[in-house]
Amino acid sequence: MQSVPAGLTPPRTSPSGRLPFAALRSTRPHLALPSAAAHALLLNGAGVVAVWALGGFYSSLGPGFTRLISPDGPEYAGGLVFFTLTAVAAPTVYFTRGMRADVSALLGSCAVIPAAVLTLSALYLADPVLVFTGAALAGFGFGAVSQGALRAVVDSVPAREKGGTLASYYVLSYLAMSLPAIGAGALTAGFGLRAAALAHAGRVAVLATLAVSTLTAPLRSRRRTPSADAHSRPATSNYASASPDTTAPDSSVLATHNR
């Protein structure tokens, strides 16, 4: 029989000698959202929902949308749209890893707005170039927001809570990707793909604008804080508070008197 070190309680086993349902319990999802992570997710939530919803639109309705814009285009163009998004998103995640998390999320949210506008413009101009340009901007926004928001949320909690916090982040992300896509599909069945694309792109643009406003507010307040502290900081010496016309004592004279 295997000995148990002193001070440790031996694990409870079944009559067969195996841990009961240990493997099954290890797969049970654990969600956690401490207050610090909840605050970070609240700041970045609109941007996260916007980029994942836009990604869901391109992955689910992208082929039909491309066919609507360019009926005579090649068959592979529909799949190439989502490929463009992911091809831009992947290097964006890599190149924004050195940025501050809030700056990365803000840049990505800013890119989502013109991406949604280009998507809407493509409907009226019937220009596939606008579709692919919008997909590329959406990919940049997806990568930058995912990089910044994920770091902001996960880095705000201690190591023991990172797993549950990461799970909560991805639950929100995949809900934001799937539910709007399902809604857009239902809207397509009832009113057509054009109406669904207009509604979806409009919602994404509103969410991205909200994200930019939410992420910009802390940056503005942080920029004002140092200047306010500089004006209110007391002088550290008598010479610092003297007027510019006052001549400071000669250091050589002070040294002579101190000998």
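Buried, as used in these legends, means that a residue has under 20% relative accessible area. With that word in hand, let us tour this predicted model.

**View 1. Phe-57 and Tyr-58 are both buried.** Under the 20% cut-off just given, Phe-57 falls in the buried class, and Tyr-58 joins it there. For aromatic rings as a whole, the count in this structure comes to eight pairs. Phe-57 and Tyr-58 make up one of these pairs, with an edge-to-face arrangement. Their ring centres are 5.8 Å apart, and the two planes make an angle of 75 degrees.

**View 2. Tyr-169 and Tyr-170 form an edge-to-face aromatic pair.** Here the distance from centre to centre is 5.2 Å, with 85 degrees between the planes. Which of the three classes, buried, partly exposed or exposed, does Tyr-169 belong to? Its relative accessibility is 1%, so Tyr-169 counts as buried. Tyr-170 has a relative accessible area of 32%, and therefore it is partly exposed.

**View 3. Ring pairs join five named residues into a cluster: Trp-52, Phe-142, Tyr-169, Tyr-170 and Tyr-174.** You have already met two members of this cluster, Tyr-169 and Tyr-170, in the previous view. Seen here with them are Trp-52, Phe-142 and Tyr-174, linked through ring pairs.

**View 4. Arg-97 places its charged end over the ring of Tyr-94.** How far is the charged end of Arg-97 from the centre of that ring? The distance is 3.9 Å.

**View 5. Ala-126 sits in the loop between helix 5 and helix 6.** Helix 5 covers residues 101-125, and helix 6 covers 128-154. Most residues other than glycine have a negative phi. Ala-126, however, has a positive phi, near 50 degrees. Is this residue buried or partly exposed? Ala-126 counts as partly exposed because its relative accessibility is 45%.

**View 6. Stepping back, the chain has nine helices and zero strands.** Read from the N terminus, its elements run α-α-α-α-α-α-α-α-α. The chain has 259 residues, of which 34% are buried. Among contacts with a separation of 6 or more, 79% come from residues 24 or more positions apart. The exposed area of the chain is about 15400 Å², and carbon and sulfur atoms supply 65% of that area.

Technical notes:
Residues are numbered from 1 along each chain as its sequence is written. This is a predicted model: local features need pLDDT of at least 70, side-chain atom pairs count only at pLDDT 80 or more; totals for chains, interfaces and linings use all residues. Side-chain values use heavy atoms; hydrogens and water are left out. Helices (H or I, at least four residues) and strands (E, at least two) are DSSP runs, numbered from the N terminus. Buried means under 20% relative accessible area, exposed over 50%, partly exposed in between (1.4 Å probe, protein chains only). Rings of Phe, Tyr and Trp (its six-membered ring) pair if their centres lie within 6.5 Å; planes under 30 degrees apart count as stacked, over 60 as edge-to-face and the rest as tilted. A charge sits over a ring if NZ of Lys or CZ of Arg is within 6 Å of the ring centre and within 35 degrees of the ring normal. Contact means heavy atoms within 4.5 Å. Accessible areas come from the Shrake-Rupley method with a 1.4 Å probe; for residues, only the protein chains shown count as cover.
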